[in-house]
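Please read this report alongside the sequence and the structure displayed here. The topics are the surroundings of a ligand and the contacts made by aromatic rings.

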Amino acid sequence: MNLIVCIKRVPETADADVSIDKSGKDIDKSGLAFDLNEWDSYAIEEAIRLKEKMGGTVTVLSIGGEDSNESLRKCLAMGADEAMRLTDPAFDGSDGLARAKILAEAIRKIPYDLILTGTQAEDDGYGQVGAALAELLGIPHATLITRLEVQEKKVKVHRELEGGLEEVCEMDLPAVLTIQTGINEPRYVSIMGIRKVAKKEIKTLNASDLSLKAEEVGFAGSDIRLEKVYLPPTGEGAEILEGKPEEIAVKVFEILKDKGGLA
Amino acid sequence: MKEILVIAEHRRKEMRDVTWEMLSKARQLAEGMDGKIGVALLGHGINSLAEDLRSKAHQVFLIEDPRLEVYNAETYQRVLTQLIIERKPFLTLIGHTAMGMDFAPSLAVHLKMPLATDCIGIDLSGETFSLTRQLYGGKVNATVSFSKNGPYMVTVRSGAFPVMEKDSISGEVISYPSPLSDEGLARRFLQYVDAVIGEVDITQADILVSVGRGIKEADNIPMVKEFADAIGGVLACSRPVVDKKWLPKERQVGTSGKTVKPKVYIAIGISGAFQHVAGMKGSGTVIAINKDPKAPIFSVATYGIVADLFKMVPVLKEKIKEMRKK
Ligand SMILES: Cc1cc2nc3c(=O)[nH]c(=O)nc-3n(C[C@H](O)[C@H](O)[C@H](O)COP(=O)(O)OP(=O)(O)OC[C@H]3O[C@@H](n4cnc5c(N)ncnc54)[C@H](O)[C@@H]3O)c2cc1C
Ligand SMILES: Nc1ncnc2c1ncn2[C@@H]1O[C@H](COP(=O)(O)O)[C@@H](O)[C@H]1O
């Protein structure tokens, strides 16, 4: 079984004080911690579990600069066999479609039975790359996968719908699946584990290696253009309860009595 | 005349809210450009849904086929490719939902149509679109435009566009032939699996105390549970808490969990991603506790407490317990 996983390194913003940088087109990333995209950590774990069960190889791909090696190494430490980084100045500014094109060209060059991506990236959240990639490769796909089972030349999957409902479907292989969080429990990688793979080669491929023309990728090959980013208007926003914790507790108690019927 | 085509979303014979939201937005856009609204309805035995749509569209394209009984990315792609090539809509609107996320990106590639996903704002001036999206889980907004010429495809976030009351359009239902054949599909629907009914029903509670990833570890959950008990509330949570198996799925609030409308909803260590907010914005009063003053949850909360939950929650518990005794 040849398994391919597409991964992205993203800044961790949930706990951070986010501000806009000078270009007005991105957030200020200095001082932010980066990690493997949450959805991708579930995708790589799922691929490694399949390999452990059925044999085969796991290849991880990432489009990005040298920083992305860190996330690729994490995947190697988790148990992936090979890592490839797709990188070229011409890739800068690629939207979801252009990224799918780059990934498709890299994947065409290697054998594959099953390709896993995350449902979405935490940063720009297109939720687009996986299904677009499948169409470019001319193979079936299913998104939001919460369970999968590989059978002879087929894969049976559970797709998450709204409100806790799931849909079960089966697909012929090869196929692309976009993985939803919670499908498994991604294994922990220790510093020792990362050290063990520190010397492992990470192949890089550029636009010409992938036979991609400059106008097919990057800004030129993208259908959408980012004009600006800004902090969302807070609207009316919440009334902030101030004071010492004990004083705030009194206010919360009043609200609970008044609005929640607390006796 | 320019046409805006909305792809209707329905499941188990019920129209999904996002369809009405898209039609409402389409109406506003169409009025601004003297355009027409078409809606594509794919399915089987859904004539009554087609009738319902007439009030909101000039043309309801009904594609009836037993093979369309349930949604499938492949059948949808075949049917919509034919319809879109024939109708040449200026703009195609699809929900950014479990269904739309599944077929829009591949359909757009197939038709070589520029696609902007998960939009919360669509503005049109002349022929130029300005779209609003969110980045970083809703902490940042972005304005994006198309760098290619149309026709365009946009997927819209559920709940982003309000349904406006307007006069009925009384459009016509037009039956469109289905291009599907019995030729094999590479993806086949097998069955639905309904949500398991758990021990507690969080939708019935008057007071919900909901905990998010800010709680850091499973071992810290009891602290929130004790607070919930102290105020007669029921414990709920955001998705990562379920993904990590710290609490069962039946406690999850949000698009892929439950929709709740308690009198008071207390969100603790929850950032306020739209998938979460969609499940709790109908709550009477919302109190949010978060250490990040810019957390999106504060824009939906009635009251905000900017604090470290590990310091705040134990004090709330003790103090309210004490006051209730009096
Ligand atoms: C298709 C799909 C469906 C989804 N369905 C759902 C759903 O049904 N429900 C749902 O909730 N999510 C859902 N999600 C996930 C959603 O996008 C978010 O990832 C999730 O809601 C984030 O959960 P959170 O707010 O608990 O965690 P985070 O976003 O990580 O936020 C943690 C928050 O805790 C705060 N915090 C940290 N430490 C402290 C402290 N000591 N004191 C106070 N505050 C602290 C941080 O400032 C931060 O705001 C879905 C996603 C997808 C793609
Ligand atoms: N730069 C990238 N390199 C490799 N894979 C990516 C990249 N960006 C996105 N992906 C994959 O596509 C998925 C969905 O991303 P998106 O469509 O951008 O929300 C991610 O979870 C990854 O699996």
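The sections below describe a predicted model, beginning with the ligand and then turning to the rings.

## The site around ligand 1

Ligand 1 is surrounded by residues from chains A and B, so the site is shared between chains. The surrounding shell has 33 residues, of which S238(B), Q252(B), S256(B), S271(B) and Q275(B) come nearest. By residue class, the shell divides into ten nonpolar, 15 polar and eight charged residues.

Several polar side-chain atoms of chain B lie at short listed distances from ligand atoms of N or O type, and the one from S238(B) is 2.6 Å from an oxygen atom of ligand 1. Nitrogen atoms of the ligand are approached as well, with a polar side-chain atom of S256(B) at 2.7 Å from one nitrogen atom and a polar side-chain atom of K216(B) at 2.9 Å from a nitrogen atom. On its own, ligand 1 has 990 Å² of accessible area, and the protein covers 94% of this. The elements giving two or more residues to the shell are α6 (239-243), α7 (274-277) and α8 (309-325), which belong to chain B.

## Aromatic pairs in chain B

Over all chains, the structure holds ten aromatic pairs. One of them joins F61(B) and Y176(B) in an edge-to-face arrangement, with 5.5 Å from centre to centre and 80° between the planes. This pair links distant parts of the chain, since F61(B) belongs to strand β5 (residues 59-64) and Y176(B) to strand β12 (residues 172-176), and the two are 115 residues apart. Both F61(B) and Y176(B) are buried.

A further pair is formed by Y76(B) and F103(B), whose ring centres are 5.5 Å apart and whose planes meet at 55°, so the pair counts as tilted. Y76(B) lies in helix α3 (residues 73-87) of chain B, whereas F103(B) lies in helix α4 (residues 100-111) of chain B, so the pair ties together parts that are 27 residues apart in sequence. Y76(B) counts as buried because its relative accessibility is 2%, and F103(B) is likewise buried, with a relative accessible area of 0%.

## A ring cluster and charges over rings

In chain B, ring pairs also link F90(B), F129(B), F146(B) and Y152(B) into a cluster. Within this cluster, the ring of F90(B) has the charged end of K2(B) sitting over it, 4.6 Å from the ring centre. In chain A, the charged end of K228(A) sits over the ring of Y230(A), 5.1 Å from the centre of that ring.

Methods:
Residues are numbered from 1 along each chain as its sequence is written. Chains are lettered from A and ligands numbered from 1 in the order in which they are written. This is a predicted model: local features need pLDDT of at least 70, side-chain atom pairs count only at pLDDT 80 or more; totals for chains, interfaces and linings use all residues. Side-chain values use heavy atoms; hydrogens and water are left out. A residue is near a molecule or strand if one of its heavy atoms lies within 4 Å of it. A polar contact is a pair of N or O atoms within 3.5 Å; within protein, one must be able to donate a hydrogen and the other to accept it, and residues adjacent in sequence count only if both atoms are side-chain atoms. Accessible areas come from the Shrake-Rupley method with a 1.4 Å probe; for residues, only the protein chains shown count as cover. Helices (H or I, at least four residues) and strands (E, at least two) are DSSP runs, numbered from the N terminus. Ala, Val, Leu, Ile, Met, Phe, Trp, Tyr, Cys and Pro count as nonpolar, Asp, Glu, Lys and Arg as charged, and the others, Gly among them, as polar. Rings of Phe, Tyr and Trp (its six-membered ring) pair if their centres lie within 6.5 Å; planes under 30 degrees apart count as stacked, over 60 as edge-to-face and the rest as tilted. Buried means under 20% relative accessible area, exposed over 50%, partly exposed in between (1.4 Å probe, protein chains only). A charge sits over a ring if NZ of Lys or CZ of Arg is within 6 Å of the ring centre and within 35 degrees of the ring normal.
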